[in-house]
Amino acid sequence: MRPGVIGRKTSLPSLTQIFGKHIPIAIPAELASEATLLAHLDVSPKELKKIWWYRAAMYKKFSIAKGSGKLRLITAPDNRLKMLQRKLAPLLDQLYRVRNPVHGFVPDRSVRSNAEAHINRRYVVNLDLKDFFPSITENRIRGVLRALGVDRRVSEIVARLCCYNGHLPQGAPTSPVLSNMICYRLDTVLLQIAKAARAIYTRYADDITFSTYQPPAGLFEAAIPSSGRFAPEALAANLLQAVTSNGFAINPDKAHYAIVMRVA
């Protein structure tokens with residue numbers, strides 16, 4: 001069986017479902033066909049077959065300390081696979097249309113710009129998407145590429161080269177842009193919810209922030225919680241639905257509400 005033949009058919013989301021309306025996106029010439037992609041990557045069909053079936057052996061796992069003192073698991077590709085992913089990343093960048101709320105993995109934006117978007121706002125809600133990269137499956141990567149108009153076979157190859165054990169690995173050069181592409185619809189819906197609640201919305205990778213001048217009643221289902229950590233179930237139903245319907249879950253240990261005291 002040729003690598004990439006899928007045994008069970010899955011329905012793909014339409015471009016409208018993902019991006020809200022039809023926006024023509026030019027497909028890079030390198031992604032036009034399997035032949036042009038392999039030529040760009042300088043990969044032979046024989047090497048592709050080897051990577052296809054043995055890619056798990058091309059990764060190593062290790063942990064790094066986070067600011068909180070906890071450990072973050074990194075799944076990093078070996079030099080050969082990393083080189084291929086670095087060649088793919090600029091092509092994928094051409095397919096992603098940056099949304100205003102997004103500050104992670106995009107040019108001229110950073111953790112600092114993400115924080116600056118909420119300056120002078122008194123009420124702040126912070127959320128974290130649990131297991132962010134592992135929640136993004138190879139099927140979803142393939143599906144979003146197909147919805148954008150990328151050739152079916154090319155979509156399969158790109159998804160295969162960029163995923164580990166069927167999921168997006170944290171540590172691959174292509175994971176940042178692919179995660180943003182997957183989150184495009186989530187960003188669209190959360191931005192709409194924020195506008196209705198008169199709030200500012202931003203996202204830096206898996207970190208979501210809302211801020212307002214007035215108590216953010218529109219972000220919660222009932223009473224606004226006290227300052228500090230709160231149960232995600234307290235959030236408005238449409239906000240929770242936006243997260244879960246896009247394949248994510250809120251980390252219950254990192255849902256936090258704060259009232260920022262103004263300094264005279």
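Here is a short conversation about reading helices, strands and cysteines in a predicted model.

Reader: Glad to have the model open. Let me begin with helix α3: which of its residues are buried?

Author: Start with the general idea. An α-helix has 3.6 residues a turn, so residues three or four places apart point the same way. Now the case here: α3 spans residues 45-54, and Leu48, Ile51 and Trp52 are its buried residues. They lie on the same side of α3, because the arc they cover around the axis is only 105 degrees.

Reader: And which residues are exposed on the other side of α3?

Author: There you will find Lys46, Lys50 and Tyr54, which are exposed.

Reader: What do the buried residues of α3 pack against?

Author: Three helices: α2 (34-41), α4 (79-93) and α7 (152-162).

Reader: Let's turn to the sheet. In what order do the strands come?

Author: Read across the sheet rather than along the chain. The order is β4-β5-β3-β7-β6, an open sheet of five strands with antiparallel pairing. Strands β4 (200-204) and β6 (228-229) stand at the edges; each has a single partner strand, so one side of each is left without a neighbour in the sheet.

Reader: How many bridges join β3 to β7?

Author: Four bridges link β3 (residues 123-128) with β7 (residues 256-259), and the two strands run antiparallel. To pick out one partnership, look at valine 125: its bridge partner in β7 is tyrosine 257.

Reader: Where is phenylalanine 230, and is it buried or exposed?

Author: Phenylalanine 230 sits in the loop between β6 and α10 (237-245). This residue is buried, with a relative accessible area of 6%; the cut-off for buried is under 20%. Leaving aside residues up to four places away in sequence, phenylalanine 230 touches Val125 and Tyr257, among others including Leu127, Phe220 and Pro252. Sequence distance and spatial distance are separate things to read: phenylalanine 230 and lysine 254 are 24 residues apart in sequence, and 8.4 Å apart in space from C-alpha to C-alpha.

Reader: One for the bench: how many disulfides are found in the whole structure?

Author: Zero disulfides turn up in a search of the whole structure. The check is on sulfur atoms, which must be within 2.5 Å to count as a disulfide. For cysteine 162, the closest cysteine sulfur is in cysteine 163, and at 6.6 Å it is too far for a bond.

Reader: Is cysteine 162 buried or exposed? And what about cysteine 183?

Author: Cysteine 162 counts as buried, because its relative accessibility is 0%. Cysteine 183 is buried too, with a relative accessible area of 0%.

Terms used
Residues are numbered from 1 along each chain as its sequence is written. This is a predicted model: local features need pLDDT of at least 70, side-chain atom pairs count only at pLDDT 80 or more; totals for chains, interfaces and linings use all residues. Side-chain values use heavy atoms; hydrogens and water are left out. Buried means under 20% relative accessible area, exposed over 50%, partly exposed in between (1.4 Å probe, protein chains only). The arc is that of the directions from the helix axis to the C-beta atoms. Contact means heavy atoms within 4.5 Å. Two strands pair if DSSP finds at least two bridges between them.
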